[in-house]
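Dear colleague,

Please find below the structure I promised to pass on to you. My findings follow directly after it.

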Amino acid sequence: MTIEWNAFLIVAVVTWVAALFIVGAYSLGVRMLAVGEDAKGSALPSRLAAYGCFAMCGIVVLFGIVLIVPALSERILGS
């Protein structure tokens, strides 16, 4: 049994990047919600930005689930 170190390295790097993206986007969304509550004027732009950040987190998580589950991967991505 041999380990394909190149594939292992690719999976490790993609995992780190995705985790950092999800944590960063979620943190930015929480910050935008806090800014929206403290705003003296309209809170709509910051709330829309926050919900956009949360949506990006959800999309990345759903795409990861699609890639992990073979039945979903075959049905949705066709591979």
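I begin with charge. The protein carries 4 positive and 4 negative side chains, and the centres of these two sets are 15 Å apart. Please bear in mind throughout that this is a predicted model.

As to the surface, the accessible area of the protein is about 6400 Å², and carbon and sulfur atoms account for 74% of this. Of the 79 residues, 13% count as buried.

The fold may be described briefly. The protein contains three helices and zero strands, and along the sequence the pattern reads α-α-α. Its radius of gyration is 18 Å, well over the 12 Å that the globule rule gives for 79 residues, so the protein is more spread out than a compact globule. In keeping with this topic, the C-alpha trace spans about 65 × 30 × 10 Å along its principal axes. Among the contacts with a separation of 6 or more, 41% are made by residues 24 or more positions apart.

I also consulted the UniProt record. The entry, which is unreviewed, lists residues 7-28 and 48-72 under "transmembrane region". In the model, residues 7-28 are 100% helix and 0% strand, with end C-alpha atoms 31 Å apart. Residues 48-72 are 96% helix and 0% strand, and the end C-alpha atoms of that span lie 30 Å apart.

Three residues may serve as reference points when you inspect the model.

The first topic is Ser46, which is located in helix α2 (residues 44-68). Is Ser46 buried or exposed? Its relative accessible area is 11%, under the 20% cut-off, and therefore Ser46 counts as buried. Leaving aside residues up to four places away in sequence, Ser46 touches Met32, Val35 and Gly36. For Ser46 and Gly36, which are 10 residues apart in sequence, the C-alpha atoms are 5.2 Å apart in space.

Next is Val23, found in helix α1 (residues 5-38). With a relative accessible area of 54%, over the 50% cut-off, Val23 is classed as exposed. How far is the C-alpha atom of Val23 from that of Gly58? The separation is 11 Å, although the two residues are 35 residues apart along the chain.

Finally, Ala12 also has its place in helix α1. Its relative accessible area is 27%, and because this value falls between the 20% and 50% cut-offs, Ala12 is partly exposed. The C-alpha atoms of Ala12 and Leu77 are separated by 22 Å, with their positions 65 residues apart along the chain.

When you open the file, I would suggest starting with Ser46 in helix α2 and its contacts with Met32, Val35 and Gly36, and then turning to Val23 in helix α1.

With kind regards

Terms used:
Residues are numbered from 1 along each chain as its sequence is written. This is a predicted model: local features need pLDDT of at least 70, side-chain atom pairs count only at pLDDT 80 or more; totals for chains, interfaces and linings use all residues. Side-chain values use heavy atoms; hydrogens and water are left out. Helices (H or I, at least four residues) and strands (E, at least two) are DSSP runs, numbered from the N terminus. The radius of gyration is taken over C-alpha atoms; the globule rule is 2.2 Å times the number of residues to the power 0.38. Buried means under 20% relative accessible area, exposed over 50%, partly exposed in between (1.4 Å probe, protein chains only). Contact means heavy atoms within 4.5 Å. Accessible areas come from the Shrake-Rupley method with a 1.4 Å probe; for residues, only the protein chains shown count as cover. Lys and Arg count as positive and Asp and Glu as negative; His and the chain ends are not counted. The place of a charge is taken as NZ of Lys, CZ of Arg, CG of Asp or CD of Glu. UniProt positions are given in the numbering used here, feature names are shortened, and annotations may be inferred rather than shown by experiment.
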